[in-house]
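Trainee: Could you walk me through reading a sheet, some ring pairs and the cysteines in a model?

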Amino acid sequence: MKLSQFKFKLPEELVSLYPTHRVFENEDGTVERVYNRDQCRLMVVHRKSEKIEIFKKDENGNDTDQPIVFRNIVDYFDEGDAFVFNDTKVFPARLYGTKEKTDAKIEVFLLRELNQELRLWDVLVEPARKIRIGNKLFFDGDGPMVAEVIDNTTSRGRTLRFLYDCPHDEFKKELFSLGSAPLPHYIVDHRPVEPDDMEQFQTIYAKNEGAITAPATGLHFSRELMKIMEIRGIDFAFITVHCSLGSFDPIEVEDLTKHKMNSEQMIVTSEACQVVNKAKAEGHRICAIGISTMRATETAAGTDGMLKEYAGWTNKFIFPPYDFGLANALVTNFYHPESTMIMATAAFGGYDLIMEAYKVALKNEFKFGCYGDAMLILND
């Protein structure tokens, strides 16, 4: 397929800057937001019948004026079905420092730790043109955190050595105390990062630290919703995919077969395989929560359609046409034009049907982005 086939106009006001919430005004005039993870809108797309649902039904099966909300997802699944979640944990990857001598403000985006003993980190810097090998960056905080640039990796990439003499746990705690939630630029370019963001940009089941962006679809699951699912007999499998910025990299080729995804580290345990494979063998639905989860399960799926243990990396780029080997249901968000996430969604739901679903979403003012609304695709 071609890049231009995923182009559409997305009004700026439909990109959600905050998670689903209610606003309350206090007596002193201040405004408070109360977040409701599972109350965003939910579109349900039926792959075989090509039906698109956005409103609840009455007793006669007719549409009401009440939108389907995310908590209603439980009504589309049965006892024995399995949901596959990504339990990666986001760390506060965005820091701001100043360059020695010039005091120029520099954004430092932590990607991954390269060497604990030497305090080496792979990072992105902005503006990159000002940062060269040998430069030192100073960070505000309780301690004297300083980093030296020791290598150029890409046009924006650098290797930093942090000059901080203490045990590693103490160093990492101090480093992360300087950081903030790594919200995408389509949010931070329109509002400052707030203290609530580090909690809201984290799934409630986050466990294994290593992500520099959230597995956004998982943000919709509340503790109450997962308890309801558990009571109804829906099984949970947890895998780990440390989400990187690769999904946000612009595609610079028209022919999608020529685009190369950045790799993401992933782990599929035997426990996850047991849950998924039991459900599949018994004929139940397997629902992947988010594109990162879908890419990982497709990486680890065997030729027999069962999930295999896996520890390594994946750079799988999914776009139409694609034959899926494991999941038969997918939950995802609404994403920007020409993004790899909308391409993977179209591969699962079918290009024509998903692009029609996006037209419906735009017409009905669904919210887009990591803090936006959700779509459930069923194979019926």
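Mentor: We'll take the sheet, then the aromatic rings, then the cysteines. Keep in mind that this is a predicted model.

Trainee: Let's start with the sheet. In what order do the nine strands lie, and is it open?

Mentor: The order is β4-β3-β21-β20-β18-β7-β16-β17-β19, in an open sheet with mixed pairing. At the edges stand β4 (52-53) and β19 (310-314), each with a single partner strand, so one side of each has no neighbour in the sheet.

Trainee: How do I see the mixed pairing in the individual strands?

Mentor: Follow the bridges. Strand β7 (residues 82-86) runs parallel to β16 (residues 235-241), and five bridges join them; in that pairing F85 has F238 as its bridge partner. Now step across β16: two bridges connect it to β17 (residues 264-268), and this time the strands are antiparallel. There, T240 is partnered with I267.

Trainee: And how many bridges join β7 to β18?

Mentor: Three, again in the parallel sense, with β18 covering residues 286-289. V84 has A288 as its bridge partner in β18.

Trainee: Which strands does helix α5 touch?

Mentor: Helix α5 (residues 270-281) packs on the sheet and touches β7, β16, β17 and β18. Its direction makes about 135° with that of β16. Helix α7 (residues 340-349) packs on the sheet as well, touching β20 (329-333) and β21 (374-378), and its direction is at about 25° to that of β21.

Trainee: Now the rings. What describes a pair of aromatic rings?

Mentor: Two things: how far apart the centres are, and the angle between the planes. Searching the whole structure turns up 27 aromatic pairs. Take F8 and Y358: their ring centres are 5.5 Å apart and the planes are at 65°, so this pair is edge-to-face.

Trainee: Which parts of the chain does that pair tie together?

Mentor: F8 is in the segment before β1 (21-25), while Y358 is in helix α8 (residues 351-363), so the pair ties together parts 350 residues apart in sequence. F8 is buried, at 18% relative accessible area, and Y358 is buried too, at 1%.

Trainee: What about F83 and F221: how far apart are their ring centres?

Mentor: They are 6.3 Å apart, and with planes at 85° the pair is edge-to-face. F83 belongs to strand β7 and F221 to the loop between β15 (208-211) and α4 (223-231), so here the linked parts are 138 residues apart in sequence. Both F83 and F221 are buried. They also belong to a cluster linked by ring pairs, made up of F70, F77, F83, F85, Y205, F221, F236 and F238.

Trainee: Which ring does R285 lie over?

Mentor: The face of F77, at 5.7 Å from the ring centre. Elsewhere, the charged end of R47 sits over the ring of F348, 4.3 Å from its centre.

Trainee: Last topic: how many disulfides are there?

Mentor: Zero, from a search of the whole structure. The check is the distance between sulfurs, which must be within 2.5 Å. For C243 the closest cysteine sulfur is in C370, 11 Å away, too far for a bond. For C273 the closest is in C287, at 17 Å, again too far.

Trainee: Are those two, C243 and C273, buried or exposed?

Mentor: C243 is buried, with a relative accessible area of 5%. C273 counts as buried too, at 7% relative accessibility.

Terms used:
Residues numbered from 1 in each chain as written. Predicted model: local features only at pLDDT ≥ 70, side-chain atom pairs only at ≥ 80, totals over all residues. Heavy atoms only, no water. Pairing = 2+ DSSP bridges. Helix = DSSP H or I, 4+ residues; strand = E, 2+ residues; numbered from the N terminus. Contact = heavy atoms within 4.5 Å. Axes fitted to C-alpha atoms, helices over the stretch in contact; angles between N-to-C directions. Phe/Tyr/Trp six-rings, centres within 6.5 Å; stacked < 30°, edge-to-face > 60°. Buried < 20%, exposed > 50% of the residue type's maximum accessible area, 1.4 Å probe, protein only. Lys NZ or Arg CZ within 6 Å of the ring centre and 35° of its normal.
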